[in-house]
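Good morning, and thank you for joining. I should like to take you through one helix and its surroundings, and I ask you to keep the structure in view as I speak.

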Amino acid sequence: MNGKKANWSFLITILCYIGVIISIGLFFPFIADSIFLSNLVCEIVVAVPIFLFVLVSKEKCLSFLGFHKIKISSVLMTVLFTFLSVPVLTLFNLISQIWVENEVAAMMESQQTRFGALFVSVGIIAPVFEEITCRGAFYHSYKRAGSAFKAMLLSALIFALVHMNFNQAAYAFVMGIWAVLLVEVTGSLWASIIYHGLINGSQAVLMYLALQTDADAASQAVSITTDSLMIMIGGYIILAAVTLPLAWAALVWIGGNEGRSEVLRQIWNGRKEKKDKMVTVPLVLGLILCISMMTGILMSAVYKILFMLLR
């Protein structure tokens, strides 16, 4: 599958996503009230179009998506890398909260979900579906069209925007870059699935434990003061400055362990390589729709039209 097909798939995905969100809000409120059900439906909607495009393109799915073997030692180092990368992700999360609220905390505050359902939803279902879609299909499609560097940035941008809010998009973009680098140094999509699962799963555990200790923990996370936020940002800048070089060293080690020690240098050196057009009209339209959804412009207009029609 090439980049042009991936762009069409992205546009169709966003259109389907908008349609499903509107339908759930109007006709299926029980789904909207459940983190597990709403997340499952959204993940399916995001994955199905690109999966159909892969099948129509007659790709060997497992090979194209990158499901290859990975050494146990590399898996263990991926776990270490994951926790070394958390301070950087947290830093971007905190910086985004200068302008927008913590979406995960707001979701936990507004919805009560059993821990098992929450963990399966965000710690297993989301990582598998999103990695297959973004690092599997989108990244490999864009990589065929141009440089791995540009494909990495573009797939990370899509991964960020499909979260449909500015808070998660801020750290999801960075997370998308880390995930691609893991795929490249291991040669396997399993590495990014493990990485994504550990990030989401640990988030779910920590939030659940915080709520068990203090029922108002989610509310406090949402309503954090500016002074406290700035202190936390300063602390995480220092922590990230320490852990970021260590995380990079872990990546380099994994590449050497998997016999792919030159891949990081190749990604950087080949950043200007161009094979085919990566940015096309469907991609631009999809990005505009995403940003419109995130700012509320599109949904506000749609609900006004629906209100007039149903009045």
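A residue is called buried when its relative accessible area is under 20%. S85 has a relative accessibility of 0%, and therefore counts as buried. Please bear in mind that this is a predicted model.

S85 is located in helix α5. Beyond its neighbours within four places in sequence, S85 is in contact with W178, Y195, I199 and A247.

Let me turn to the helix itself. How far apart are the end C-alpha atoms of helix α5? Helix α5 covers residues 72-96, and its 25 residues, at 1.5 Å a residue, should span 36 Å; the end C-alpha atoms are 36 Å apart, so the two values agree. The helix nevertheless has a bend of about 35 degrees at V86, with a proline, P87, following within four residues.

A second serine deserves attention. S74 also belongs to α5, and its relative accessibility of 0% means that S74 counts as buried. The side chains of S74 and N257 are joined by a polar contact of 2.8 Å. Neighbours within four places aside, the contacts of S74 are I254, N257 and E258.

Finally, the core. The largest nonpolar core has 78 residues, of which F10, Y142 and Y195 touch the most other members. Helix α9, residues 166-186, supplies the largest share of this core, with 13 residues. Y195 brings us back to S85: among the contacts of Y195 outside its neighbours within four places in sequence are F81, T82, S85 and L89, as well as M175, W178, A179 and L182.

Methods. Residues numbered from 1 in each chain as written. Predicted model: local features only at pLDDT ≥ 70, side-chain atom pairs only at ≥ 80, totals over all residues. Heavy atoms only, no water. Helix = DSSP H or I, 4+ residues; strand = E, 2+ residues; numbered from the N terminus. Expected span 1.5 Å × (residues − 1). Bend = angle between axes of the 7 residues up to and from the residue. Buried < 20%, exposed > 50% of the residue type's maximum accessible area, 1.4 Å probe, protein only. Polar contact = N/O pair within 3.5 Å; in protein donor to acceptor, adjacent residues only side chain to side chain. Contact = heavy atoms within 4.5 Å. Core = buried A, V, L, I, M, F, W, Y, C linked by side-chain atoms within 4.5 Å.
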